[in-house]
Amino acid sequence: MAKPMIKAYTLWQLVLLMLIGVQISQQASIRAERASEDFYTAAVVEFSQADGTDLTANLADNLAGYLELINSPNATGADIMVFPEMTLNSVNSLTYVPPPEKNATPCLDDPSAEYYHPFFVEISCAARKVKRYIVININEKQLCSDTPEDTRPCASNGHNIFNTNVVFDRNGAVVSRYRKVHLYLNEARNTTVLPEVVTFDTDFNVTFGHFICFDIAFYVPSVELVVKHGVRDFVYPTKWHSQLPFYTAVQVQLGWAYGNDVNLLAAGASRIEYGSTGSGIYNGRKGTLTSVIKLTENERRIYVAQVPKYKRTEQRRQHRTVSQMRKHVRQPTPEQKTQTTSSGFVMTRDYIEQYNTTWMSLEYAGNATANVCHGKLCCHFELEWNELLNMEVGNRRIFGYRLGAYDGWRNEPNVDPNYVRNCGIFACSGVTLDDCGYMLSPDQLRFNLSRLVIEAKYPKSEEILLMPNSVRDNLLPLEPSQFEWSVQEEEDSHMLNVRFALAKTESLSNLLSFAIFGNYYDEVCTYGAGSPEKDLECGYKPTGDGAAQLRSFGTWLLVLAVGFIFHLCK
């Protein structure tokens, strides 16, 4: 590690330094005041990383792009700026990251970059220069000897490699570090012994949690930060690979922010040839403040919004500890299909073969209702539609929707599974399931949906997130003003009545999917999923006849006790 440099100063130099320090402090204070009591200003970056064969040149190109955006006039006034996942360095340019409790400032502590990689020092200096919180995602290295509690085998070079978020404060100090828990596909990185659940405070009175990409599909750490720690603001670097009909990037981001009613700052990598794009800033139940998904070209661009602040809340109810994470035995899955659009955007398709579906053919104008069940989940659908008036008869093709239900594990190969209960519709260019779950051209989307309702009963669970899920042909979701959403607890049961409907003022001709997406994560203590004894163990009291039986049993015990006391008093 580089040693600190010691210099001797004359009295006038010390005075000059003190004056400069006061000025810097005043500048930091002025910049901090940009954030008011009601909002802060956030910037997220959609970024296309260099992808040449010269890895050193790639890093230089990416770093230059980062520094240009950090110093861009478009970012002026931003309190916090978030960059995407895996768009800066590679495993050929790994760096150490100081633990936040050290409060290290690489720009000052290692200006010659003898310990940290030069790019890491430059980002620290850039954050210090613009006086802004900067969040980056990098490939990090750490000596295995630094974590003696980790008894897993270590690489021959003595290092672990992590997919890591790093947060610099306005002075360039490292104030937070988070290492990805749920690696995606064949991501050759290490994970920590136990999942990290990480937050950081800011000088504009907002506490942020953070996670990375595929972590959003799991309870730990994302939802645990909301439920257990009461966090309402999140930074989210991602390199998402979009999948129709339910897993495109902005569709997932808005649904997660809405379902949890939190602010989400999502920064996405821009690589259409991999289906990677999608960034946005979301204000909980109020919806999108700004978002983008690029289908025709890659970009390096900043998106800025003023983000309303939530009132600080007390810590919510305690939940499971991270040491209780469970593993699920994976089941075989069908081969995943892909689609490449004319612009070169590549997208995979979700495993809709596992759904129980019903074909709904749309002919001219009409309406229909249907019920579709899978496992213990039953979904009720109501639709009304009319054919587009400008559609020529000769251009008519088979078009319709499939109504689907799924109650089971989402078993995508080479990734952690999660349990899903989903009621949804998705557009199809033909009558077979192979015709569904793809991008469709405008001439294929021939009908206006004037009414669309999905209703279902979902069981309560220790781990659950119910989300409105929708996407149009531009791969952007419906906004809260365009739909109706309600979750109501059913009386004398442990079920939730969920309703997702198109707003009465809406009529859509470009809808690709529309669903009530229930993520049950590790299926922990879900009502009715196990035995009655398990339900009792999880805290679910008997309902209906069971409750009556318990009351009858309690009355009988009371009569017996009174009789016994009367006998003793004789």
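**Internal cavities and helix α6**

In this predicted model, the second largest cavity is lined by Y184, C213, F214, K239, W240, H241, Q243, Y247, R410 and E412. The space enclosed there amounts to about 70 Å³, and its lining is made up of five nonpolar, two polar and three charged residues. In total, five cavities of 30 Å³ or more were found.

The largest cavity, with a volume of about 130 Å³, has a lining of 16 residues, among which Y247, V252, M467, F517 and N519 lie nearest its centre. Y247 thus appears in the lining of the second largest cavity and also in that of the largest cavity. By residue class, the lining of the largest cavity comprises 12 nonpolar and four polar residues, with no charged residue present. At least two lining residues are contributed by each of three elements, namely helix α6, strand β22 (465-472) and strand β25 (511-521).

Helix α6, which spans residues 249-260, contains 12 residues, and the distance from its first C-alpha to its last is 17 Å, close to the 16 Å expected at 1.5 Å a residue. The helix is mostly covered, as 12 of its 12 residues are buried; these include V252, one of the residues nearest the centre of the largest cavity, together with the aromatic residues W256 and Y258. Just after α6, the backbone at D261 adopts a positive phi of about 55 degrees.

Definitions and conventions: Residues are numbered from 1 along each chain as its sequence is written. This is a predicted model: local features need pLDDT of at least 70, side-chain atom pairs count only at pLDDT 80 or more; totals for chains, interfaces and linings use all residues. Side-chain values use heavy atoms; hydrogens and water are left out. Helices (H or I, at least four residues) and strands (E, at least two) are DSSP runs, numbered from the N terminus. The expected span of a helix is 1.5 Å times one less than its number of residues. Buried means under 20% relative accessible area, exposed over 50%, partly exposed in between (1.4 Å probe, protein chains only). On a 1 Å grid over the protein atoms alone, a cavity is a set of points where a 1.4 Å probe fits but cannot get out, and a pocket is an open set with protein on both sides within 12 Å along at least five of seven lines; lining residues have an atom within 4 Å of a point. Grid points are joined across faces, edges and corners, and a volume is the space filled by probe spheres set on the points. Ala, Val, Leu, Ile, Met, Phe, Trp, Tyr, Cys and Pro count as nonpolar, Asp, Glu, Lys and Arg as charged, and the others, Gly among them, as polar.
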